[in-house]
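User: I'd like to practise reading a structure, feature by feature. Could you take me through one, giving the general idea and then the case at hand?

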Amino acid sequence: MSKNDDIGFSTIVRSDYNEALDEQENNLRPHFLKDFLGQEPVKKNLATFIQAAKQREEPLDHLLLIGPPGLGKTTLAQITAHELGVDFKVTSAPALDKPKDLAGILSTITPRTVFFIDEIHRLKPALEEMLYIAMEDFELDWIIGQGAAARTVRIPIPPFTLVGATTKAGSVSSPLRSRFGFIPRFEFYTQAELALIIKRSSGILDVQIDDDAALLLAQCCRGTPRVANRVLRRMRDFAQVEGLSCINSGIVKRGLSRLEIDELGLEKYDREILLSIINNFGGGPVGAETLAISIGESLDTLEDYYEPYLIQCGLIQRTPRGRVVTPKAYEHLGLKQDSQDKKQGTLF
């Protein structure tokens, strides 16, 4: 490892994928398991597996990380490489267009490299098939020639660890899923965990925040560290402009109001989703595609970012016929549920 690799990764494959975060965001990422807050069962098991792999001087078994966006899957993959003391390569499935793209990465890895593929459920079938052999036999199948003269050769590659991340576990094919040795599921963070993350991040950002303000902010961050760090930076801006050296509860309340984030952490689009189901579709049921069109948002964003938290909050339900808002959603929005909506709700 180079002395310049201060966090243990020597190679990063970058694409136009939105995971190419700015330097400030990367500075907020923990580099060691001991600094990674939350996800305790996942962290505890992973620490054991890493220690065992290091003692045997073998590559860590392949990992599939499952959970909504922003919960730390990429960060944990980076930490894994750092704890193992090996190289780290990262890409996303949409950035891999042809087999040669994947082969180009795998043919340049060093022994025991951690290779991270985000959105792995979006891999093309031809790339999946190439990955099967690479994961099991540490070889690449490559076709030489064309037509009747074509032949397949197997090229050996160094043993490595594949870490896949997905927000849609059901979209990962069974053959691919079966090749992973450890498949942890990430859960939304508790308010106490988020408050600790906010306090840690505030120290890195060199801004003070009161304990009460950190807890208040944690209540409005969708159970997601990425959201917590994003909103914390905005609170820092509000405090700075108001000439305050410390973020207090007053700053947080005023800042959240200006950002249109309510006490449950719902943003403007979350409320628009609920209101669209209520006003345009009588409280539901409504299909996901129709709902996405009605709010002018992509289906993937609706299902991956907005719906999981709305479901966790008990504001909507997924039914065989579509999405339905719950009585709690009416109460949160300050609306009265009419008799027809109540009748529809009893059908499911």
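Analyst: Happily; we will go from confidence to helices, then to aromatic rings and two loop residues. Keep in mind throughout that this is a predicted model.

User: Then let's begin with confidence. What does the chain average in pLDDT, and where does pLDDT stay under 50?

Analyst: The mean pLDDT of the chain is 84, and 87% of the residues score at least 70. Residues 1–22 are a stretch where pLDDT stays under 50, and the model gives them 40 contacts beyond four places in sequence. Residues 343–348 also have a pLDDT below 50, with eight contacts beyond near neighbours in sequence.

User: Now helices. How do I read which way the residues of a helix face?

Analyst: The general idea is that an α-helix has 3.6 residues a turn, so residues three or four places apart point the same way. Let's try that on helix 2.

User: Which residues of helix 2 are buried?

Analyst: They are V42, K43, L46, I50 and A53. These residues lie on the same side of helix 2, because the arc they cover around the axis is only 95 degrees. The other side of helix 2 has P41, K44 and Q55 exposed. As for what covers the buried residues, strand 1 and helix 3 are included.

User: How do I check the length of helix 2?

Analyst: Compare an expected span with the one in the model. Helix 2 has 17 residues, which at 1.5 Å a residue should span 24 Å; the end C-alpha atoms are 25 Å apart, so the two agree. Just past helix 2 comes E57, with a positive phi of about 55 degrees.

User: And helix 3: how many of its residues are buried?

Analyst: The count is 11 of 12, so helix 3 is largely enclosed by the rest of the structure. Among the buried ones are K73, L76, I79, H82 and L84. The elements covering them include helix 2, strand 1, strand 2, strand 3 and strand 6. The length check works here too: 12 residues at 1.5 Å each should span 16 Å, and the end C-alpha atoms of helix 3 are 17 Å apart, which agrees. G85 follows helix 3 and has a positive phi, near 75 degrees.

User: Let's move to aromatic rings. What should I look at in a pair?

Analyst: A pair of aromatic rings is described by the distance of the centres and the angle of the planes. Searching the whole structure turns up six aromatic pairs. One of them is F88 with F116, a stacked pair at 6.4 Å centre to centre, with 25 degrees between the planes. Since F88 belongs to strand 2 and F116 to strand 3, the pair ties together parts that are 28 residues apart in sequence.

User: Are F88 and F116 buried or exposed?

Analyst: Both F88 and F116 are buried. For an edge-to-face case, turn to F138 and F160, with 5.8 Å centre to centre and 75 degrees between the planes. F138 sits in the loop between helix 5 and strand 4, and F160 in the loop between strand 5 and strand 6, so this pair ties together parts 22 residues apart in sequence. F160 is buried, at a relative accessible area of 0%.

User: Which tyrosines form one aromatic cluster, and where does R222 lie?

Analyst: The cluster is made of Y269, Y305 and Y306. R222 lies over the face of Y305, 4.6 Å from the ring centre. Elsewhere, R179 has its charged end over the ring of Y132, at 4.2 Å from the centre.

User: Finally, how should I read a loop residue?

Analyst: Ask where it sits, how exposed it is and what it touches. F32 is in the loop between helix 1 and helix 2, and its 35% relative accessibility makes it partly exposed. Leaving out residues up to four places away in sequence, F32 touches I79, H82 and E83. The C-alpha atoms of F32 and H82 are 7.3 Å apart, although 50 residues separate them in sequence.

User: Where is A93 found, and is A93 buried or exposed?

Analyst: A93 is in the loop between strand 2 and helix 4, and with 2% relative accessibility A93 counts as buried. Beyond four places in sequence, the contacts of A93 include I117, D118, I120 and L123. A93 and D118 are 25 residues apart along the chain, with 6.2 Å between their C-alpha atoms.

Notes. Residues numbered from 1 in each chain as written. Predicted model: local features only at pLDDT ≥ 70, side-chain atom pairs only at ≥ 80, totals over all residues. Heavy atoms only, no water. Helix = DSSP H or I, 4+ residues; strand = E, 2+ residues; numbered from the N terminus. Buried < 20%, exposed > 50% of the residue type's maximum accessible area, 1.4 Å probe, protein only. Contact = heavy atoms within 4.5 Å. Expected span 1.5 Å × (residues − 1). pLDDT = per-residue confidence, 0-100. Arc of directions from axis to C-beta. Phe/Tyr/Trp six-rings, centres within 6.5 Å; stacked < 30°, edge-to-face > 60°. Lys NZ or Arg CZ within 6 Å of the ring centre and 35° of its normal.
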